[in-house]
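This report examines one protein chain, with attention to its charged side chains and its helices. Please keep the sequence and the structure in view while reading.

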Amino acid sequence: MALLRRRSRPGEGGDPLAPEHLDRVRAVLALGGVPAGDLPDGVQQVRLKLLEHRAGGREPLRDPGAWAAVAASNVAMDWHRSRRRQERLGERLAALTPRDEARHGGGEAHVLALAVADGLQELPPRQRQVLTLRFYADLPVAEIATALGVPEGTVKSRLHAAVRALRGRLHTKEVV
């Protein structure tokens, strides 16, 4: 047990975020608008930034608490940017309704586009990524695999899971 406690001290290869800085990091994230459910992920991102700083061979931090607070603030900003990107994606997908359908009672197509946009936002990031690259960017599986640095089979399985999940969500909402 003593060995486990010793390894968990900041600066000794364990948790880079000192326990006395944890509440401050959580507070900065919460005040930055990160929802309570996403706070643990935000704290992990701050830990990762501290580890990257340590591994980068830079000078030790003079005030790790202040540095962690600034990193938490940056993580909160990144969270908002990501959220806005997702909202814009939904708007662009909704705007893809063909103009002829919109003039001739294409309300159903618009509802479907909105439902697909909402369903995309509910998918895990990796599934949403491959689905968007395949069907909206019209990239072949091989190019997606190369761009993401994963095997083609992984892209295919993510696509299959994403399509199945999206279809299930659309059926649940009784859109299709």
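## Arg 85 and its surroundings

Arg 85 is found in helix H4, the element that covers residues 64-95. The model described here is a predicted one. With a relative accessibility of 48%, Arg 85 is classed as partly exposed, because that class lies between the limits of 20% for buried and 50% for exposed residues.

Arg 85 also belongs to a positive patch on the surface, together with Arg 84, Arg 88 and Arg 92. Membership of a patch requires over 30% relative accessible area and no salt bridge. The value of 48% for Arg 85 is therefore in keeping with the first of these conditions.

## A salt bridge within helix H4

Helix H4 also holds a charged pair, Asp 78 and Arg 81, whose positions differ by three residues, or about one turn of the helix. Their side chains form a salt bridge, with a distance of 2.9 Å from N to O.

Both partners of this bridge fall into the partly exposed class: Asp 78 has a relative accessibility of 36%, and Arg 81 has one of 38%.

## Two further salt bridges

How many salt bridges are counted by the rule applied here? The count is three. One of them joins Asp 23 to Arg 26, with 3.7 Å between the closest N and O atoms. This distance satisfies the rule because the limit for a salt bridge is 4 Å. The two residues belong to helix H2 (residues 19-31); they stand three residues apart, so about one helical turn separates them. Asp 23 is exposed, at 56% relative accessibility, whereas Arg 26 is partly exposed, with a relative accessible area of 37%.

Another salt bridge is formed by Arg 169 and Glu 122, whose closest N and O atoms lie 2.9 Å apart. This pair connects distant parts of the chain, since Arg 169 is in helix H9 (residues 152-172) and Glu 122 is in helix H6 (residues 107-122), with their positions 47 residues apart. Arg 169 is partly exposed, with a relative accessible area of 25%. Glu 122 is likewise partly exposed, and its relative accessible area is 41%.

## Helix H7

Helix H7 consists of twelve residues, 125-136, and spans 15 Å from the first C-alpha to the last. The expected span, at 1.5 Å a residue, is 16 Å, and the span of H7 is close to it. After this helix comes Asp 138, which has a positive phi, near 60 degrees.

Which residues of H7 are buried? They are Gln 127, Arg 128, Val 130 and Leu 131. Gln 129 also has its place in helix H7, but Gln 129 is partly exposed, at 34% relative accessibility. The C-alpha atom of Gln 129 is 9.5 Å from that of Ile 144, and these two residues are 15 residues apart along the chain.

## The chain as a whole

The chain contains nine helices and zero strands. Read from the N terminus, the order of its elements is α-α-α-α-α-α-α-α-α. The chain has 176 residues, of which 28% count as buried.

Technical notes. Residues numbered from 1 in each chain as written. Predicted model: local features only at pLDDT ≥ 70, side-chain atom pairs only at ≥ 80, totals over all residues. Heavy atoms only, no water. Patch = residues over 30% accessible without salt bridge, like charges linked within 9 Å, V, L, I, M, F, W, Y side chains within 5 Å. Areas by Shrake-Rupley, 256 points an atom, 1.4 Å probe, with all protein chains shown as cover. Lys, Arg positive; Asp, Glu negative; His and termini not counted. Charge placed at Lys NZ, Arg CZ, Asp CG, Glu CD. Helix = DSSP H or I, 4+ residues; strand = E, 2+ residues; numbered from the N terminus. Buried < 20%, exposed > 50% of the residue type's maximum accessible area, 1.4 Å probe, protein only. Expected span 1.5 Å × (residues − 1).
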